[in-house]
Number of protein chains: 2
Amino acid sequence: MLNDRKKKILQLIIEDYISTAEPVGSRTIARKYDLGISPATIRNEMSDLELLGYLEKPHTSAGRVPSAQAYRFYVDSLIEPGSLTDNDMALINSWYKERRRNIDDIFQSTAKILSRMTQNVSMVLANKDTGAVFRYIKFLPLDSSHAILCIVTDDGNVDNCVVEIPLGMRPEEMDYLAGRISSVLEGKELSEISDELLSALHMDVAEDKVLFTSFLQAIKRMSRKQNEQRVFLGGTKQLLNQPEFRDVERVKSLLGILEEEKVVRDLLVAGEDSGLKITIGTENKFTGIQDCSMVQATYRLNGKIVGTMAVLGPTRMEYGKVITVMDYLHKYLKTIFEQEKE
Amino acid sequence: MLNDRKKKILQLIIEDYISTAEPVGSRTIARKYDLGISPATIRNEMSDLELLGYLEKPHTSAGRVPSAQAYRFYVDSLIEPGSLTDNDMALINSWYKERRRNIDDIFQSTAKILSRMTQNVSMVLANKDTGAVFRYIKFLPLDSSHAILCIVTDDGNVDNCVVEIPLGMRPEEMDYLAGRISSVLEGKELSEISDELLSALHMDVAEDKVLFTSFLQAIKRMSRKQNEQRVFLGGTKQLLNQPEFRDVERVKSLLGILEEEKVVRDLLVAGEDSGLKITIGTENKFTGIQDCSMVQATYRLNGKIVGTMAVLGPTRMEYGKVITVMDYLHKYLKTIFEQEKE
DNA sequence: GTTAGCACTCTAACAAATTGAGTGCTAACA
DNA sequence: TGTTAGCACTCAATTTGTTAGAGTGCTAAC
């Protein structure tokens, strides 16, 4: 185990490196932070820390740089939970208010805020299965040959599509049909409306084939939408602010990965189990981001995963800040979602 | 006026520079393209072209580079209309099919395709005012204290929101209210439903204040959505492929501009009048992109502007290819929109 | 255990030398 | 008169050389 002084020195080196991106030398530590010991002593300690695998030298006469192991130790043992400044909180709140018309806007804002606050790329995965329950369908007349089919769920969502009215069908007949379909599906969760159920229904109302096909498509679309996971990215531009990404090639390769929605989704899903997950460098098994770190937080509502958010950046990342921001966003979202459900 | 040989040489220089991004020297031209004249002769011609303002020298002993004037001449007189390869057309068609669920997806795909085919940033502005006409509103029951307010327009769009039912109000009363509002607004274009009209309506039904406010919000939102212009960007990542943007600072500054949706919208609206508009370098009056060129095509349906698409990149741009691609997309969209309207 | 002193190392920054692509001019040629 | 070979000249880019500075590791003294 490291003694207190080693810990302290290691912490200072890590934090200095995080903020400057420059290798840290013994004199820097002695000058900047008053530890009451001379550079030579610090040098000896650093030499030990290097031997123990916590520090690395880019070359003989540069300062030292934290290793992945050092970051791991840092996030596990050294980091102290911080809190946001009032200013930051006010900023976040105002950014959320900027544009909030539907639930997707909230996720989009979260991604944006996360990246702005951390100067890194952010990813938000929204699980949409809110367990909405089918209520009824209804046909609204449009013109002589078309009607609008509305599917109403108990969360107040309405999906609709235009359907053609079969020749000669009267409004009462359509209402009757709507009633029959409704009574069968009433109370079912959208996600549990299976193909079997629908085809059973089909037998029942087979006479009105055209109309039923339209209905089938609409309900399927709605249930798909319901189960859909959506990915929101934020701050891909922020990458360019990080000295690690001064090199255009590196930017390109990372952006290439982020462009593949499927990859991002897999990446996020892989880390969903634990509440807060921090992967440093090669701890992450996805190729292409193994020189990056990722902090991911998954949030649940009544035990169900609602979404997960992550920050991706160079291993030299402000882990403390990231965690603090995520924590705040987490709480903020919680309030919003609970309020949404009433 | 330029004689044929000068034209030919200028064209070769421009095209060589477009494809290599390197200043073009007299020997290169003589070697690559068999004009039957020696480098010395070409040198004399180039010297003339420089005097005439078509060529510029980065420095004494580099080759020469086309001036803005040269590009202008090129797009006006030298460029010959090309056509897409079968391969490209197949690619475009498949990309369009990839994801097409609603009208926005089409615009998004257009932006994506445009950027992929041209290796530059693309912008698509979608005007949404389709001239939809108000038909009627309808309340759908949800639970004892809530209903869903649906606003139906003649194009088959339904906007909906959950409203609270005033205590003690019976369904018949709500239907009556819906009928009254509907009869006043029926047949009006959403964009012409003014505040005055709504407040006049308010006088009329003032007794049901809570419900009416909800309705007001919904109709306003719908009319806003109707007039909304949406901007779709594509291929901001492509920037990094252009040698002109090897410098991270330049990338940052351009991305900064593209991030401001309002700026992009203004930029696109400014060039909407003409069918095809090419601005080269400082011909564009917007600051920040004056070292870029922009090719913009505006498409109309029945005389009304439906949208406009543009490609933004370095002045050294494959104008011919860009125009060809846009032309194809234009035709493709036309088919889709006409089919959409039936 | 701590520290001052010092030789040693290695990069980054700067300067000087070299290379090579390209031009402009001139004189000769068809 | 238009074309071309030849040659001196220019200038950025590359290479090579030099220096300064930051940092280390070791040793000996405290």
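The side chain of B:Thr308 makes a polar contact of 2.9 Å with the side chain of B:Gln296. A second polar contact, at 3.1 Å, links the side chains of B:Thr308 and B:Thr298. The model is predicted. The points below cover this residue, a sheet in chain A and the relation between the two chains.

**B:Thr308**
- B:Thr308 sits in strand E10 of chain B, which spans residues 304-314.
- Its relative accessibility is 0%, so B:Thr308 counts as buried; the cut-off for buried is under 20%.
- Beyond neighbours within four places in sequence, B:Thr308 is in contact with B:Met123, B:Val124 and B:Leu125.
- Its other contacts on that basis are B:Leu268, B:Glu272, B:Gln296, B:Ala297, B:Thr298 and B:Tyr299.

**The sheet in chain A**
- In chain A, 5 strands form an open sheet with antiparallel pairing, in the order E7-E3-E10-E9-E8.
- Strands E7 (229-234) and E8 (276-280) of chain A are the edges, and each pairs on one side only.
- Neighbouring strands of this sheet are turned by 15° against each other on average, direction ignored.
- E8(A) is joined by 5 bridges to strand E9 (residues 292-301) of chain A, and the two run antiparallel.
- A:Ile278 stands opposite A:Val295 in E9(A).

**Two chains, one axis**
- A turn of 179° and a shift of 0.3 Å along the axis lay chain B on chain A, with an RMSD of 0.6 Å.
- The two copies are thus related as by a two-fold rotation axis.
- In chain B, B:Val248 has the C-alpha nearest the axis, 3.5 Å from it.
- Both copies use the same surface: 100% of the contact residues of chain B recur in chain A.

Conventions:
Residues numbered from 1 in each chain as written. Chains lettered and ligands numbered in written order. Predicted model: local features only at pLDDT ≥ 70, side-chain atom pairs only at ≥ 80, totals over all residues. Heavy atoms only, no water. Least-squares fit on C-alpha atoms with pLDDT ≥ 70 in both. Contact = heavy atoms within 4.5 Å. Pairing = 2+ DSSP bridges. Helix = DSSP H or I, 4+ residues; strand = E, 2+ residues; numbered from the N terminus. Axes fitted to C-alpha atoms, helices over the stretch in contact; angles between N-to-C directions. Buried < 20%, exposed > 50% of the residue type's maximum accessible area, 1.4 Å probe, protein only. Polar contact = N/O pair within 3.5 Å; in protein donor to acceptor, adjacent residues only side chain to side chain.
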